[in-house]
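Please look at the sequence and the model shown here before reading on. The report that comes after them goes from the whole chain to single residues.

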Amino acid sequence: MRVMAMIALVGISIARALLPATARAQGPAPPAFDHAGLARQALERHILPGYQHLAAATRSFDEAVMAYCRDTTAARRKGVDTAFDAVVSAWGRVEHIAFGPMAQHERLEKFMFWPDRRGIGARQVANALSKRDPDVLDVARLATKSVAMQGLPALDTLLFAKDEGSDPEARRHRCGFAAAVAANLARIAQSVSEEWADPNGFSKIWLSPGPDNRQYLKPSETTLALAKSFDQGLEKVRDQRLAGPLALNAQRRRLPAPLSNSGRSLLLVVANIEGLRDLYTEGGIEQAIIAANGDDPNAGGAALARLVANELATAHESLTPLVGARSPFDDNRSAQRIIAIGFPLKNARMTAASLLATAAGLPIGFNASDGD
């Protein structure tokens, strides 16, 4: 019923947008879409707080790993696990902001090299461990190596994969490697946070579109960047991170679940959904769409805008109880619940794309990466 209602409302909204100018002229013209206001709200209420939180989480994790490597007690190991959870959650909430400072210097790939269909990262980590490579113990030298050895998947192997052997020196090397990765992530997160926050840094580029701006010539281009982040973020969650490990993606090929050694796969996905919902609500997309429909609560566009947020809440509520489940993609009952979550995620993505294309005047093909 909800899906049919949504489809009907989408049809009404699009039909209105396609009415001849003479027909639309009989009523008041809808307000112009506030691209500049959306850019500022997304920066101040979503992007900056998100990256500040990530910087703080990675600092705490860095400290926890260093303390554990000095004294490998059970209490300090628990601190590492708790801090790792915080980093995974903080990263998941901003991962969709793949433009700006995070897109520079391979930072995105260094933080999360995934999907890794051939297990490159795990092999490179294992090779460095077997050779006792001293370079992986130094943050500066590690930063010059393969991106697959520098991020969360590498930590998933170093800290949570089965550690065979009892050689104390090998264990110290492994812990030192993990400490260097943690320090490198803290450095990346801090740099990105500072570059966004600097009034003369990327925020100036973001808030000042124009002919002299090397990245954004028109205000609508920042809206397009946010729309793509939202759209492609949902695609990654639904078609890769949930459908992939079930072999229900477009290629019908099973992908390894991210962070599977630590059992944080669904913790990451839940955080991804939280971040996308925050971008949509707190970041201002929903508000901007409603405003562009004249704030009429009965208008089709406004009702659909609220429906997107509701669908994301439904997906989040359904997936959260599975966080921490052992092998959720292999258990039939859990797998069926994961499959069902794909429907509200797809509804949210399709509806938001239609609304933004109409209300913000975005090119229809901005979500051309759509899967099946």
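What follows describes a predicted model, beginning with the overall make-up and then turning to one helix, a group of aromatic rings and some unusual backbone angles.

## The whole protein

The protein contains 15 helices and 0 strands, and 49% of its 372 residues count as buried. Among the contacts with a separation of 6 or more, 73% are between residues that stand 24 or more positions apart. The accessible surface amounts to about 17400 Å², and carbon and sulfur atoms make up 53% of that surface.

## Helix α6 and its two faces

Which residues of helix α6 are buried? In this helix, which runs over residues 120-130, they are Gly121, Val125, Ala128 and Leu129. These four residues cover an arc of only 100° around the axis, and therefore they lie on the same side of α6. The cover over this buried side includes α8, residues 152-160, and α9, residues 168-197. On the face turned away from the buried side, α6 carries the exposed residues Arg123 and Ser130. After α6 comes arginine 132, which has a positive phi near 50°.

## Tryptophan 196 and the aromatic rings

Helix α9, which helps to cover α6, is also the place of tryptophan 196. Is this tryptophan 196 buried or exposed? Tryptophan 196 has a relative accessible area of 0%, so it counts as buried. Leaving aside residues up to four places away in sequence, tryptophan 196 touches Leu43, Ile47, Leu48, Tyr51, Ile97, Phe99, Gly100, Pro101, Phe202, Ser203 and Trp206. The C-alpha atom of tryptophan 196 is 9.6 Å from that of methionine 102, although the two residues are 94 residues apart along the chain.

A pair of aromatic rings is described by the distance of the centres and the angle of the planes. The protein has 10 aromatic pairs when rings with centres within 6.5 Å are paired. In one of them, the rings of phenylalanine 99 and tryptophan 196 have centres 6.0 Å apart and planes at 75°, and because planes over 60 degrees apart count as edge-to-face, this pair belongs to that kind. Phenylalanine 99 lies in the loop between α4 (74-94) and α5 (107-111), while tryptophan 196 is in helix α9, so their pairing ties together parts that are 97 residues apart in sequence. Phenylalanine 99 is buried as well, because its relative accessible area is 12%.

The rings of tryptophan 206 and tyrosine 216 have centres 5.4 Å apart and planes at 85°, so this pair is also edge-to-face. Here tryptophan 206 lies in helix α10, residues 202-207, and tyrosine 216 in the loop between α10 and α11 (219-242), so the pair ties together parts that are 10 residues apart in sequence. Both tryptophan 206 and tyrosine 216 are buried. Together, Phe99, Trp196, Phe202, Trp206 and Tyr216 form one aromatic cluster.

Aromatic rings also occur beside a charged residue: arginine 77 lies over the face of tyrosine 68, at 5.8 Å from the ring centre, and over the face of phenylalanine 160, at 5.0 Å from the ring centre.

## Unusual backbone angles

Most residues other than glycine have a negative phi, and most peptide bonds are trans. Against this background, the table lists residues with a positive phi.

| Residue | Phi |
|---|---|
| Glutamate 106 | about 60° |
| Arginine 132 | near 50° |
| Leucine 259 | near 55° |

Where do glutamate 106 and leucine 259 lie? Glutamate 106 is found in the loop between α4 and α5, and because its relative accessibility is 47%, glutamate 106 counts as partly exposed. Leucine 259 belongs to the loop between α11 and α12 (265-281), and its relative accessibility is 4%, so leucine 259 counts as buried.

One peptide bond also deserves a look: the bond from tryptophan 114 to proline 115 is cis, with omega near 5°. Proline 115 is located in the loop between α5 and α6.

Note on methods: Residues are numbered from 1 along each chain as its sequence is written. This is a predicted model: local features need pLDDT of at least 70, side-chain atom pairs count only at pLDDT 80 or more; totals for chains, interfaces and linings use all residues. Side-chain values use heavy atoms; hydrogens and water are left out. Buried means under 20% relative accessible area, exposed over 50%, partly exposed in between (1.4 Å probe, protein chains only). Helices (H or I, at least four residues) and strands (E, at least two) are DSSP runs, numbered from the N terminus. The arc is that of the directions from the helix axis to the C-beta atoms. Contact means heavy atoms within 4.5 Å. Rings of Phe, Tyr and Trp (its six-membered ring) pair if their centres lie within 6.5 Å; planes under 30 degrees apart count as stacked, over 60 as edge-to-face and the rest as tilted. A charge sits over a ring if NZ of Lys or CZ of Arg is within 6 Å of the ring centre and within 35 degrees of the ring normal. Accessible areas come from the Shrake-Rupley method with a 1.4 Å probe; for residues, only the protein chains shown count as cover.
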